[in-house]
Amino acid sequence: MNKSTDHIFYRNLRKFYPTAARGEGIYIFDTEGKKYIDGSGGAAVVGIGHGVKEITEAMLRQAEKISFAHSSQFTSPPTLELAAKLAQLAPEGLDKVYFLSGGSEAIETAVKMARQYQVERGKPEKYKVISRWTSYHGNTLGALSLSGHTGRRRLYLPLMLPTPHIQPAYCYRCPWGLVPEKCAWECAGDLEKTILYEGPDSVSAFIAEPIVGATAGVLVPPGGYFQKIREICDRHDVLFISDEVMTGMGRTGRNFGLDHWRVKPDMIVAAKGLSSGYTPIAAVIVREEIHRAIQEGSGAFVHGHTYSQNPLSCAIALAVIEHLLKHDLISRSAKMGEYFLRTLQSLYRHDFVGDIRGKGLFAGIELVKNKKTKEPYDPQLRLNAKVANLAFEKGLITYPGGGGADGIKGDHLLLAPPFIITEEQIDQLVAILDQTFTEVAKEIPRGLSPEAPSGKLSGRC
Ligand SMILES: Cc1ncc(COP(=O)(O)O)c(C=O)c1O
């Protein structure tokens, strides 16, 4: 427990949080001088690494000019430049950008924008947003309603909007019990069925993470899945919102996660890596037609936040993107990601490592009681927290999660180190995990005898 004399309302009131003193490269140092490898970039946030001087210099330069001008009164040079840069990085045609302070706020902005677009083009009955189970879109009530994670939703259910959810593309635990090579895209088909049940005339948008992050530990969909999703959205006049809060800005080795499948969404929501954690900022990048419908219609988006289009945050994010591009860090994320995923394969030797998957420097490890049946551990055991806590003690930060298997059961670790990580540092990271798994295994009940490690990457792509 933290010092009862301090005044912080902690996230977990029974946990001890060390005090972060400084960051450098892939490392965080606490005030006791202990060094941690930031193996998860916080929560898939830090791309360019900690303590980059160019960013703090850009921060200072902008702060000396102006830190705040309200978006109902001004725009600013860094806001204009950052929007232009994002329009360049996004697929062609997505070229208008709205800035916010964080992922949840940006998700809700995208949902409202979709709704207003439908009204402006004469389809006022379209308002529903379909999302997926085993997904995360944020913790504010609207974004949480769209999220498909039972543990995060349960307490707040009475406050939430009743929005439709479909099954995820989760090949390791296919909801239809199929294998990728034999399926007929039941997971994509679930979207079409749900649109038809709800009534296509009532559906405004579909939202999904290209690669599911926090709720299941990096679910890479089979190649072809998002092409099908795009076709279904087009067939029923439904907008497709890509939640790239984790997968955007090079995390998966491409500018945006959907780029792997050359699928163009109608809106992209980016956050986290957009500033690599140097400032709170998020963006909704929108297709020109959506912007035009509002421009030629009522002329004003009925929305806004105090820190929308904030000049200081935009200057910082701009410096981060310039650094990312100057040092070719997105290609590096792809290249080092391959080495990372290859190196992680050695962990299959542990009895409880069920699946290792990823793209770029975005990887997940699913922990199971029985490799053959994929039976998850009893959530009371809190295996994911046990592993993460021990790794933390050993100086490795990971991002644990649970509930991926059925909303309640399932344990995984999410790994998302900064793109500057070297092969040697990856070896160290994996060695700490290896040692952690060995020690945790001694403490937990053994499942049935494990299958031989498959050593295969999951997913069809
Ligand atoms: C995919 C995804 N969407 C939205 C969010 C919410 O972002 P924020 O925590 O900045 O509100 C997150 C946060 O983890 C996320 O992973």
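Let's start with strand 12 (residues 362-367) and strand 14 (residues 411-415), which run antiparallel and are joined by five bridges. Helices (H or I, at least four residues) and strands (E, at least two) are DSSP runs here, numbered from the N terminus, and two strands pair if DSSP finds at least two bridges between them. One spot to click on is alanine 363, which stands opposite leucine 415 in strand 14. A word on what you're looking at: this is a predicted model, in which local features need pLDDT of at least 70 and side-chain atom pairs count only at pLDDT 80 or more, while totals for chains, interfaces and linings use all residues. Residues are numbered from 1 along each chain as its sequence is written.

Zoom out a little, and strands 12 and 14 turn out to belong to an open, antiparallel sheet of four strands in the order 11-12-14-13. Strand 11 (353-359) and strand 13 (399-402) are the edge strands, each pairing on one side only. From one strand to the next the twist averages 20°, with axes being lines fitted to C-alpha atoms (for helices, over the stretch in contact) and angles running from 0 to 180 degrees between N-to-C directions.

Now follow strand 13. It pairs with strand 14 in the antiparallel sense over four bridges, and glycine 402 stands opposite aspartate 411 in strand 14. Tyr399 and Gly401 point one way from strand 13, Pro400 and Gly402 point the other way, and all are buried. Buried means that 20 or more other C-beta atoms lie within 10 Å of a residue's own; 12 or fewer makes it exposed, anything in between partly exposed, and the C-beta atoms are placed from the backbone.

What does asparagine 384 touch around here? Leaving out residues up to four places away in sequence, its contacts are Leu367, Pro400, Gly401, Gly402, Asp411, His412 and Leu413, where contact means C-beta atoms, placed from the backbone, within 7 Å. Asparagine 384 itself lies in helix 12 (residues 383-393). It counts as buried because 26 other C-beta atoms lie within 10 Å. Glutamate 366 is 18 residues away from asparagine 384 in sequence and 9.3 Å away in space, C-alpha to C-alpha.

Next, move to strand 7 (residues 203-208), which is mostly covered, with six of its six residues buried. Strand 7 has parallel partners to look at. Strand 5 (residues 128-132) runs parallel to strand 7 and is joined to it by three bridges, with isoleucine 130 opposite phenylalanine 206. Strand 8 (residues 239-244) pairs with strand 7 in the parallel sense over four bridges, and there leucine 239 is the bridge partner of alanine 205. In the loop between strand 7 and helix 8 (225-235) you'll find valine 218. Its phi is near 65°, a positive value in a residue other than glycine. Valine 218 is buried too, since 30 other C-beta atoms lie within 10 Å.

Glutamine 309 has a similar story to tell about its backbone: phi is near 55°, again positive in a residue other than glycine. Glutamine 309 sits in the loop between helix 9 (288-296) and helix 10, and it is buried, with 26 other C-beta atoms within 10 Å.

That brings us to helix 10 (residues 311-326). Its 16 residues reach 22 Å from first C-alpha to last, close to the 22 Å expected at 1.5 Å a residue; the expected span is 1.5 Å times one less than the number of residues. How many of the residues of helix 10 are buried? The count is 12 of 16, so to speak a mostly covered helix. Among them are Pro311, Cys314, Ile321 and Leu324. The buried residues pack against helix 2 (53-65), helix 3 (77-89), strand 4 (94-100) and helix 11 (329-344). After helix 10 comes aspartate 328, whose phi is positive, near 50°.

Finally, the ligand. It is surrounded by 15 residues, the closest being Gly102, Gly103, Ser104, Gly138 and Val245; a residue is near a molecule or strand if its C-beta atom, placed from the backbone, lies within 6 Å of it. Helix 4 (residues 103-120) gives the most to this shell, with three residues.

Methods:
Contact = placed C-beta atoms within 7 Å.
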